[in-house]
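Biologist: Please show me the model, and let us then discuss how one chain is divided and how its sheet is built.

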Amino acid sequence: MATATATTKKTVRINGCVAAAQAAKYADVDVITAYPIRPYTATMMALAQMVANGELDAEYIVADSEHSQLSIAHGASSSGARVFTGSSGVGVTFAYELYSPISGSRMPVQMMIADRTLDPPGDFGSEHTDALSTRDMGWLMGWSCNAQEAFDNHLMAYRIGEDPRVLLPQMVCQDGFFVSHITSDVELPDPGQVKEFLPPYKHPYPLDPRHPVSHGPQIMPEQGPPLQLERARAMEESMPVIEEVHDEFAKIFGRRYDPWLEEFMTDDAEVAFFMQGGHAVTARFAVEHMRERRVKVGLVRLRTIRPYPTDRVNEVLSKFKVVGVIETNMGLGSVSSGGSLYAEACAALYESSQRPLVVSFMAGLGGEAIVLKEFYWMTQKMTEAQKRGKIEKRTHWVGFEE
Amino acid sequence: MSTKGTRIPERLMITFGGITPAPSQEKGQDLFPTGNWRAIRPVYRDKLPPCNNACGTNEKIQGFLDLVKRGKYLDAYALIKEDMPFPSVTGRVCYHPCEQACNRGQYDEAISIRAVERFLGDLGQALARDVVKAGPPNGKKVAVVGSGPAGHSAAYQLARLGYQVTILEKSPKAGGLNRGGIPDWVLPQHVLDREIERLVELGVTIKTNVEVGKDVTWDDLKKNYDACVLAVGLTEPNSVRAEGEDKEGVLYGLPFLRDIGMGTSKVKLGDRVAVIGGGNTAIDCAREALRQGALEVTMITVESNLQEMPAVPEDLHDMLEEGVELLHGRAMTAVLGNGRVEALQLYPARFSGAINASPININREAPAERFVVDNVIIAVGQHASLNWLPDEFKNERGTIKIDSFGRLGDTNFFAAGDVVQLGSGQPLMVVNAVGDGKRVAFNLDKVLCGEPLQPRSVTVDVLFDLNRMNMTYFPHFPRVQQAMLPPTSRRKTQEEVIQAFSEEQAVEEACRCFSCGTCNACDNCYLVCPEPCIVRPERSNGLYKILVNYCKGCRVCIEECPTGCLEGVPELDFDTGVVRMDTAFAISPGLHGRQAEELRHLAERPAKNI
């Protein structure tokens with residue numbers, strides 16, 4: 001059991017990494033598996049201190065690589081433990097083999113990701129490509145835009161992933177440095193609240209020598225599709241669970257999030273940004289500024305990308321004349337020859353009766369900040385397209401064009 | 001919702017996340033019958049170890065060594081006793097054909113099987129009550145003529161089968177060759193006495209001083225018993241047909257030993273003794289002569305070197321250690337002396353053909369040698385005394401004529417031991433006589449039960465080839481040597497020359513056994529199977545089970561079986577336990593099943609014009 005020292009809720013000034021570590025502590029995780037890589041390492045440093053100080057009673061296993069780290073997480077979860085792990089950048093991709101087996105065996109492992117650009121060369125700035133490269137592996141996935149949201153998302157993800165109707169692993173993502181290393185006020189709840197919100201993890205068929213079961217046995221090709229269908233069903237059926245859990249979170253902790261999309265100043269917006277993660281904080285400023293200049297611009301921030309809220313995206317983005325997708329990820333040779341979020345937005349809009357124009361902005365790559373000036377520039381590109389009734393081109397490389 | 005309206009057909013329904021009962025559990029592998037990937041099936045097929053095969057009575061040697069290895073001495077003793085009534089005797093006297101056959105001999109040194117047998121035999125001697133019980137009485141009476149190894153063995157097995165057995169022994173003491181042919185310093189009398197007590201405890205009656213042909217007749221035997229086993233042995237020594245063999249001081253091997261064994265010897269040997277003959281009895285005589293006071297003992301053989309001598313090499317070695325001299329390539333043509341032996345006349349000689357199996361060529365053109373001695377012991381074999389036997393049952397070899405089951409015609413008489421084996425090509429040894437007695441007892445039982453006697457038709461696979469085992473599991477390790485009395489002190493005493501194994505030595509030696517071709521529950525297959533296809537419900541010998549529904553035939557267990565007991569058998573050889581699918585990847589008749597059905601009937605269709 002956790003020996004959380006806080007007895008009532010309190011506000012602390014911590015960064016995203018520490019917020020994630022705090023969430024793991026409040027969730028009373030049983031097993032932590034770590035392997036260092038910037039920027040997520042700070043989370044494991046914080047957890048190591050908590051375990052060493054006796055604040056948290058958990059097995060803390062330092063693996064020899066991310067592949068082992070995730071393998072340990074898989075095994076620990078199979079035995080019925082609540083598991084916390086994490087990584088960044090190439091660490092995320094090194095463990096790739098394990099993502100499908102973990103979700104395929106329906107183990108609700110939780111992985112914290114502080115994004116980092118994939119090599120080469122060794123750029124450690126934030127970029128969503130690391131986690132997004134695994135987006136179709138059967139993990140629940142979404143981005144937080146600040147430390148508080150990160151804390152809250154971690155708690156909610158456990159609750160959703162461990163729900164017997166779901167039983168899927170979760171990647172709880174935050175931008176490296178922009179969220180992971182910038183401190184802000186985070187309200188830590190009363191442990192009693194967490195206890196009420198997050199019941200103990202119980203897998204229906206844990207590995208137990210007294211009741212032997214086989215996890216991940218060899219199967220026949222024709223037995224594969226039913227399992228895939230079941231995994232797909234779990235992903236779809238998690239959607240009502242996600243909504244329920246957000247409601248309940250709001251009731252218990254008093255913070256309400258839209259599970260799928262955050263809309264900012266979209267009521268009468270004609271053009272809108274569509275994006276994920278920490279750059280949305282800057283985007284809000286930019287939108288406010290431009291609103292002062294009577295530009296009808298809004299912001300839609302995707303909070304959960306897996307499962308993808310297709311209908312909600314369709315409904316919300318259809319309100320606008322132009323949608324500007326801010327990628328913060330690489331989709332080399334993809335639909336837009338830019339990022340991968342464009343395709344997700346467009347596919348959701350395909351069935352809309354009033355499809356907006358969609359344009360993709362390659363910005364926030366390699367850990368570069370997206371500055372206000374660039375948001376203005378992007379807004380200008382959208383309003384021009386609105387006037388023209390036609391986009392200039394599908395993808396703009398922000399900062400590299402006039 | 002893409003999964004809305006989907007339905008998984010019942011045949012493909014699997015549990016949550018593909019999590020199933022463990023493959024080690026009952027039914028745990030039904031869902032994923034990957035056994036159909038298999039082309040080769042591992043099968044436990046115990047072969048006959050060469051030791052068991054070579055043993056004259058087919059003792060389960062690998063079996064008792066394995067039990068000794070596990071510390072189950074009493075079980076090991078009981079296992080020996082199935083085939084061998086007196087392991088304490090053969091544990092001392094046996095010429096151990098098993099050790100000559102032992103595969104370990106090709107690798108480093110053969111297992112010291114006889115020493116382990118002696119360890120178990122002595123354990124049996126120490127028991128207050130033997131583990132063997134007489135069978136429920138069947139009311140039938142059998143006479144066994146002779147109490148030597150064959151007679152003892154037949155009587156023992158018949159008693160276990162429930163017969164009322166009477167042994168008729170012409171000597172004053174039971175034991176036959178065990179007593180009369182084996183010196184005390186090999187087999188102490190008390191050891192044999194205890195084994196004979198065990199036989200009496202089984203309910204066997206032993207009548208000594210009863211000689212067939214004199215005290216009982218053929219007709220008496222026929223009249224008074226339901227059946228009879230003739231195990232009279234070879235009592236009459238062979239002559240070398242030399243002049244003057246009747247002189248005083250000329251002795252014959254077996255009577256010389258027998259009189260000492262029976263305690264009736266009046267022989268007083270002179271200083272110089274020659275022994276004629278190169279076999280095991282000759283060796284025993286030479287060594288006994290030393291113990292009877294001779295100072296110089298010379299063994300004179302037609303064989304031209306040690307290797308040609310029909311003797312057990314270690315006995316020969318021990319004899320030479322004790323100081324017996326050898327004179328090879330000579331034949332004795334006359335015993336010289338005035339009424340009493342003074343010297344021998346020797347000529348160079350050799351076998352005209354095969355060693356010990358062809359007439360002797362004596363070169364009388366060479367100058368005769370005069371070899372001065374005080375006594376000569378002639379030990380060139382012996383023959384039977386069968387005056388009492390009806391002529392129809394005598395053969396040209398001077399032995400009893402029997403069929404392949406040891407039976408005399410269609411009578412209820414059977415014969416076993418040296419009296420039938422002489423000249424048959426079988427070496428005459430205790431263990432062969434014991435085996436003979438055992439087989440004859442079982443054949444006799446069948447005849448009295450009215451069952452047909454049939455030759456064994458199953459071919460026996462004896463594992464001789466080390467390549468059939470996985471030798472990487474067997475590090476080289478020397479044989480544990482039995483301690484011996486030093487040659488200088490032992491040559492004058494009747495004390496047992498070869499010392500017993502301690503418990504630790506017996507276990508250490510048993511651990512060296514390869515268990516050739518026979519499962520010894522080493523757990524290797526169980527451990528190396530990459531999936532739980534091999535189950536071990538009990539940790540005891542030979543009780544592994546291969547879950548054929550699941551085993552993919554990877555062969556790892558077969559390759560890694562140290563003993564070579566696991567074999568890969570082509571799957572097509574089986575029609576049971578088969579998980580043969582329509583196609584390799586179908587668990588049920590579906591699309592693949594239909595394709596397979598079509599393929600199956602392909603041959604019946606007319607050929608297409610291409």
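Biologist: Which residues does the domain assignment of chain B give to domain 2?

Modeller: This is a predicted model, in which local features need pLDDT of at least 70, side-chain atom pairs count only at pLDDT 80 or more, and totals for chains, interfaces and linings use all residues. Residues are numbered from 1 along each chain as its sequence is written, with chains lettered from A and ligands numbered from 1 in the order in which they are written. Domain bounds come from an automatic or database domain assignment. In chain B, domain 1 is 50-130 + 459-510, domain 3 is 239-381, and domain 2 is 141-235 + 384-448.

Biologist: How many residues does domain 2 of chain B bring to the contact with domain 3 of chain B?

Modeller: The centres of these two domains of chain B, taken over C-alpha atoms, are 29 Å apart. Residues are in contact if their C-beta atoms, placed from the backbone, lie within 7 Å. Domain 3 of chain B supplies eight residues, and domain 2 of chain B supplies eight residues.

Biologist: Why is one side of strand 5 and of strand 18 of chain B left without a neighbour in the sheet?

Modeller: Strands are DSSP runs (E, at least two residues; helices are H or I, at least four), numbered from the N terminus, and two strands pair if DSSP finds at least two bridges between them. The open sheet of chain B has five parallel-paired strands in the order 5-4-3-6-18. One side of strand 5 (205-207) and of strand 18 (413-415) of chain B is free because each stands at an edge, with a single partner strand.

Biologist: Which residue of strand 4 of chain B stands opposite Val142(B)?

Modeller: Strand 3 (residues 141-145) and strand 4 (residues 164-168) of chain B are joined in the parallel sense by five bridges. Opposite Val142(B) stands Val165(B).

Technical notes
Contact = placed C-beta atoms within 7 Å.
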